[in-house]
Amino acid sequence: MGAEEGWCLLLCLALSGAADAAERQWRAVDVVLDCFLVEDGRHRGGFASKEDMVKALLVLRQVPVPDDGSLEGFTDFQLDTRAKDNPPVTFEASVERVQVPHAEDLLHADCSGKEVTCEMSHYFLQARQEATTKTVAWFITNVQVSGGGPSVSMVMKTLGDAENGAGLQPRLNLPLGPQGTVQTSVEFQVTTRTPSLNFLLGSSASLHCGFSMAPDLDLTSVVWRLQHKGTGQLVYSWSMGQGQAKREGATLEPEQQLMAGDASLTLPTLTLKDEGAYICQITTSLYQAQQIIQLHVQATPKVQLSLAKDTLPPTLVCSITGYYPLDVTVTWTREELAGAPVPVSGAVFSSLRQSLAGTYSTSSSLRAEAGSAGVMYTCHVTHVSLDEPLRASIWASPPEKRTMAFGVLFASSLFLLALLYLGLQRWRAASPKVCQDSEPLWVDTVVPQSKKKE
């Protein structure tokens, strides 16, 4: 065996070992979510209230999640059959046909100090299947992890038959499985990793939107819309291989990635008009679901501190320009020699100004009291676009030092003027003299005849 063949064998063994290790790091577990079910018939448009909801339990069966060793001793879900006054409606959902992303975030949310909100409601097909029977129903489940975590919308279809189960669920009148649960299968899901995003003005933004669907479904369209301040507009649309951008520069992922379940949108050179709620709507041959991504556009402020001219007592002006959104906090501190910064009150704000681009500007003015040795004044600016406050400082000299500095400057100016005057006089003395006895220059003047007679 040659050296090259031996190296290839070692590489194959290493890759095989890495694949085995990766396979060992995944484990199929039951993910149990506390949900609310919107009762059909009680909810009449708008948002459902608590009175329209009943407690529900959603069990995602055997979902593959990464195992870092914390899943040791983790057991599968078993329904508590003990009698309860108001037991939740329990759904079992198979994920064999559709991959459910971010399951580890749902599983470990409690340990991470986050909350998972889960809301279920009936889903009605736009075009009913001919084979649909009264014992088949569809539900849509919206799951959101707090703290900017992922959001997932799943369309589930009920399975089973009342003859093979344990009767009917009293609230839903649907067949129950052997454990007394409503058995379903996840048929379609749309997800986003980032329901809320912050980007700086002028930068490019990528809005994530992914999906997966059962093998017997076809992707028919992808539509991105923007909702902001009560108005809506189309941003991008894709249908049957043809894409169209309504917002200049907007692009969808290449079709190869789109068919693999990535419908993310890219927006270059953000302006304030790009801010708002983006709706990613995925439509298949049977189902439709969407995700909403909030895009916040921000502009960082610029801070400049200066001493206003011709003002007594001296006034400091802290200019804050080019920021967005509107809310900004400006505070002042003063620090004497060998002292600590002390907060200062009494600042006055100018009127707010807005540029054509939509950014804001303002200024904060403060009367300076320099004391006997001088004081360092600092303007602190806090804004949502900043990781930490911006600071601008200036040294305020005491009045006598300012007078002395002015006197030195005045004396220096007089000295320079005197030198300039003496130099000018010497230059005049050295230049050639004009002869006093030179012939005068006569100029002939034409006098009218009438004047000659006089």
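**View 1. Thr-192 and the residues it touches.** Leaving aside residues up to four places away in sequence, Thr-192 touches Pro-150, Ser-151, His-208, Gln-291 and Ile-293. Keep in mind that this is a predicted model. Thr-192 sits in strand β7, which covers residues 182–192. With a relative accessible area of 0%, Thr-192 is buried. One contact to look for here is polar: the Thr-192 side chain reaches the backbone oxygen of His-208 at 2.7 Å.

**View 2. An open sheet of six strands.** Follow the strands across and you get the order β8-β17-β16-β11-β12-β13, with mixed pairing. At the edges are β8 (196–200) and β13 (242–245), each of which pairs on one side only. Direction ignored, neighbouring strands of this sheet are turned by 25° against each other on average.

**View 3. Strands β16 and β17 of that sheet.** Here we zoom in on β16 (residues 276–284) and β17 (residues 288–298), which run antiparallel and are joined by eight bridges. To get your bearings, start from Thr-283: its bridge partner in β17 is Gln-288.

**View 4. Arg-97 with its two acidic partners, Glu-187 and Asp-216.** In the salt bridge between Glu-187 and Arg-97, the closest N and O atoms are 3.1 Å apart. This pair links distant parts of the chain, 90 residues apart: Glu-187 is in strand β7, while Arg-97 is in the loop between β3 (89–94) and α2 (103–107). For the salt bridge between Asp-216 and Arg-97, the closest N and O atoms are 2.8 Å apart. Those two residues are 119 residues apart, with Asp-216 in the loop between β10 (210–213) and β11 (219–228). The three residues fall into three accessibility classes: Glu-187 is buried at 7% relative accessibility, Arg-97 is partly exposed at 33%, and Asp-216 is exposed at 53%.

**View 5. A salt bridge between two loops, Arg-247 to Asp-274.** The two side chains meet at 2.6 Å, N to O. Arg-247 comes from the loop between β13 and β14 (251–252) and Asp-274 from the loop between β15 (265–267) and β16, so the salt bridge ties together parts that are 27 residues apart in sequence. Are these partners buried or exposed? Arg-247 has 15% relative accessibility, so it counts as buried, and Asp-274, at 6%, counts as buried too.

**View 6. A salt-bridge network of Asp-30, Arg-61 and Glu-92.** Salt bridges that share partners join these residues into one network. The salt-bridge count for the model comes to seven.

Key: Residues numbered from 1 in each chain as written. Predicted model: local features only at pLDDT ≥ 70, side-chain atom pairs only at ≥ 80, totals over all residues. Heavy atoms only, no water. Pairing = 2+ DSSP bridges. Helix = DSSP H or I, 4+ residues; strand = E, 2+ residues; numbered from the N terminus. Axes fitted to C-alpha atoms, helices over the stretch in contact; angles between N-to-C directions. Buried < 20%, exposed > 50% of the residue type's maximum accessible area, 1.4 Å probe, protein only. Polar contact = N/O pair within 3.5 Å; in protein donor to acceptor, adjacent residues only side chain to side chain. Contact = heavy atoms within 4.5 Å. Salt bridge = Lys/Arg side-chain N within 4 Å of Asp/Glu carboxyl O.
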